[in-house]
Protein chains: 4
Amino acid sequence: MKAICLNCTLKPSPAPSNTQALADVVLAALCEQGVESDVVRLVDHRIAPGVVSEAVADGDEWPTIRERVLAAEILIMATPTWLGQPSSIAKRALERMDAMLSETRADDETPIAYNRVAGVVVTGNEDGAHHVISEVTGALIDIGYTIPGQAWTYWNKGPGPGDEEWLTTDEREWSITTGQTAAQNLVAAAKALWASPLPPPAAQ
Amino acid sequence: MKAICLNCTLKPSPAPSNTQALADVVLAALCEQGVESDVVRLVDHRIAPGVVSEAVADGDEWPTIRERVLAAEILIMATPTWLGQPSSIAKRALERMDAMLSETRADDETPIAYNRVAGVVVTGNEDGAHHVISEVTGALIDIGYTIPGQAWTYWNKGPGPGDEEWLTTDEREWSITTGQTAAQNLVAAAKALWASPLPPPAAQ
Amino acid sequence: MKAICLNCTLKPSPAPSNTQALADVVLAALCEQGVESDVVRLVDHRIAPGVVSEAVADGDEWPTIRERVLAAEILIMATPTWLGQPSSIAKRALERMDAMLSETRADDETPIAYNRVAGVVVTGNEDGAHHVISEVTGALIDIGYTIPGQAWTYWNKGPGPGDEEWLTTDEREWSITTGQTAAQNLVAAAKALWASPLPPPAAQ
Amino acid sequence: MKAICLNCTLKPSPAPSNTQALADVVLAALCEQGVESDVVRLVDHRIAPGVVSEAVADGDEWPTIRERVLAAEILIMATPTWLGQPSSIAKRALERMDAMLSETRADDETPIAYNRVAGVVVTGNEDGAHHVISEVTGALIDIGYTIPGQAWTYWNKGPGPGDEEWLTTDEREWSITTGQTAAQNLVAAAKALWASPLPPPAAQ
């Protein structure tokens, strides 16, 4: 079983990413269960705006990233919080994944996102995680991903803007165990759907 | 396998409910797969404001409704759209279900919502369904429910407020087949999790 | 100039309300600017589900509360956060206010919410304030209220559920000064619109 | 008085933009009231990911666009709807505007967004406009913009995905008059705040 983590931080490599640091907690827990992970820091790649799977501009790297997404049964969307919302990088990826709505598997005509599961990792210096999770999971459910119960974790500091970050906080425990639970639930649900998959949609 | 539909219309019986009418499409499709459904029109019952499972006021009927919710592996939240958002009745039920966050099964210590699945049915005279779905599923994932891919359907009329309703429209086809797909996905995911359940959460 | 605060806590009187306690910061700042405040703790009143201004059930107190809302140029919606969302009590009030969409002043045919301003106060033991603010202001803008810049304040504790509350925290400073700014902006915008009001809507 | 319209379509010029076409209704109504409009189709420009006002990459055009935003008292955010949410282009612009939170005018120390007003134009082939409006206005209120009552318009087709667009629909009337009302309210509120502005924030 394979997982892919789309890190939607705004900061290009090699700047440290708080979002990646919390995602790594989930990926480590996946690894303990035998799940191999691929990680893409999306901001390091050129992803053109659009809602199709094919390249829409010179140098558009989405088609290659999409292949990596489709190689994984488990998707982790990891995003910072800005103005209480998912990053523009997360939105860009979801827009490109919108094309999956009408893409089906050759063998059984199920949408290609069916029988895949997704979870969310959110960091921020300010409040917004629950909403970020609802936005990301709402979009993914629409595309066809299944979201297992409690398949997310988050961290942010208390009220108001500020400088404190996941990488420098002392209060990590809840976010870590919550992330470990998310990993367990993602693996269990992915295995359950592999053994007993969703059928093709009702005929339109 | 059992389903429960919480109809969150604002209109008490016996007024016709557009929301129930679209929910019935999903319930009929569940029935074809052998799933027996219970339906509660919440507005006909007294549900006191609160975030606990026990009665919080004289005549509070939540404890009885909660038993009916827990008797079902599949939950259908069916709600109208007001100001682009779920109804206050839907919010009331979700608040009471918030208590499930800390309630576990006696046998294996999993949260009581684990290994249950949920879907959403939305009607409205105006735009808002995608957001209503994100709000409802976001809350249910937090509690522990699993949301299968494309486990929802909706109907509303075009732009602007107006009188047209699901029960009087001629353009029902997309909402019906989408609802049938939702039913299929709910049953398949519920069976998958029954055969291969989520484990207890990581130790805090 | 008058203000009304709709306290949307789930807890009936005389239980202490964290939401009221933070709202009182805003109301005190309004008072310093000569604005008299009325406060309604909505859960203490019977407000039937519905989307009209008239009473929809025996003992429905909405018509009286609506009169108090209309007596004020400034509205403060004060709500706790449950599952990252506004309370069901807040939703109930907004649904009843939905009727204002089609209600106009006798003298100039402007919608009755025009030239009124609104702000938001949010408390919670967990993350969600920015989203709660967006939900409440989104609904009020639809009805016709104007939302001045930064006309809100909030408080919640750090990540994860827990017992800490506004009334027991030591870290109040940011929420207090932010609430004082909200009060200033509400008064300034209300005065500005009083002197130079919005015109009647374009003819449909 | 000046307005700026940020068109957040995903389609680069010279492709026709439905979003621009509906925004033009609002801009025409602004023009009738003597407001001059500037329009930026953001996708035609390179805007690097980030949350500061300065250029963050070679060729980053945000600093120039920001100057155009600051030259206008009225901001129109015009965005398509994808997966029920604002476009990634809209999110990108809002993230860069996040920097305005801590930027103040030299003369009176008010945040630079104070006493500016904003409205929203939304198109989509599917449901989502109310939520898009709440997301965009929620972010702008946080930054300091004032949102006048009913300062938005939208159009989308009925339930389900599809090809119909604003530019090809016959049912434009409600969206047009609603857009004209939005223009009136933006001008009236901008004039009101110019005559009677918000004061500097309370001291932290």
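## Where chains B and A meet

Let's start with the contact between two chains: chain B and chain A bury about 2900 Å² between them, and 53% of that is on carbon and sulfur atoms. On the side of chain B, the residues that lose the most area to chain A are B:I141, B:Q150 and B:Q204, which together make up 19% of what that side buries. Keep in mind that this is a predicted model. In case the area figure looks odd, the size of an interface is often given as the accessible area lost when the parts come together.

Each chain brings 40 residues to the contact: 40 from chain B and 40 from chain A. What kinds of links does the rule find across this interface? There are 21 residue pairs in polar contact, with both residues at pLDDT 80 or more, but zero salt bridges.

## What chain B brings to the contact

Two elements of chain B give two or more residues to the side that touches chain A: α4 (129-143) and α5 (173-195). The largest share comes from α5(B), with 12 residues. Sorted by class, this side of chain B has 22 nonpolar residues, 16 polar ones and two charged ones.

## A covered strand in chain B

Staying with chain B, take a look at strand β6, residues 152-156. Five of its five residues are buried, so β6(B) is largely enclosed by the rest of the structure. In a regular strand the side chains alternate between the two faces of the sheet. Here both faces are covered: B:W152, B:Y154 and B:N156 are buried on one side, while B:T153 and B:W155 are buried on the other.

Which strand pairs with β6(B), and in what sense? That's strand β5 of chain B (residues 117-124), which runs parallel to β6(B) and pairs with it over five bridges. Within this part of the chain, B:G124 stands opposite B:N156 in β6(B).

## An enclosed helix in chain C

Over in chain C, helix α3 covers residues 88-97, and 10 of its 10 residues are buried, so this helix is largely enclosed by the rest of the structure. The buried residues in α3(C) include C:K91, C:R92, C:E95 and C:R96, along with C:I89, C:L94 and C:M97.

## A partly exposed alanine in chain D

Finally, find D:A28 in helix α1 of chain D, which spans residues 18-32. Is D:A28 buried or partly exposed? Its relative accessible area is 41%, so D:A28 counts as partly exposed. D:A28 also sits 8.7 Å from D:A183, C-alpha to C-alpha, although the two are 155 residues apart in sequence.

Methods: Residues are numbered from 1 along each chain as its sequence is written. Chains are lettered from A and ligands numbered from 1 in the order in which they are written. This is a predicted model: local features need pLDDT of at least 70, side-chain atom pairs count only at pLDDT 80 or more; totals for chains, interfaces and linings use all residues. Side-chain values use heavy atoms; hydrogens and water are left out. Contact means heavy atoms within 4.5 Å. Buried area is the accessible area (1.4 Å probe) that two parts lose on being put together, summed over both. A salt bridge is a side-chain nitrogen of Lys or Arg within 4 Å of a carboxyl oxygen of Asp or Glu. A polar contact is a pair of N or O atoms within 3.5 Å; within protein, one must be able to donate a hydrogen and the other to accept it, and residues adjacent in sequence count only if both atoms are side-chain atoms. Helices (H or I, at least four residues) and strands (E, at least two) are DSSP runs, numbered from the N terminus. Ala, Val, Leu, Ile, Met, Phe, Trp, Tyr, Cys and Pro count as nonpolar, Asp, Glu, Lys and Arg as charged, and the others, Gly among them, as polar. Buried means under 20% relative accessible area, exposed over 50%, partly exposed in between (1.4 Å probe, protein chains only). Two strands pair if DSSP finds at least two bridges between them.
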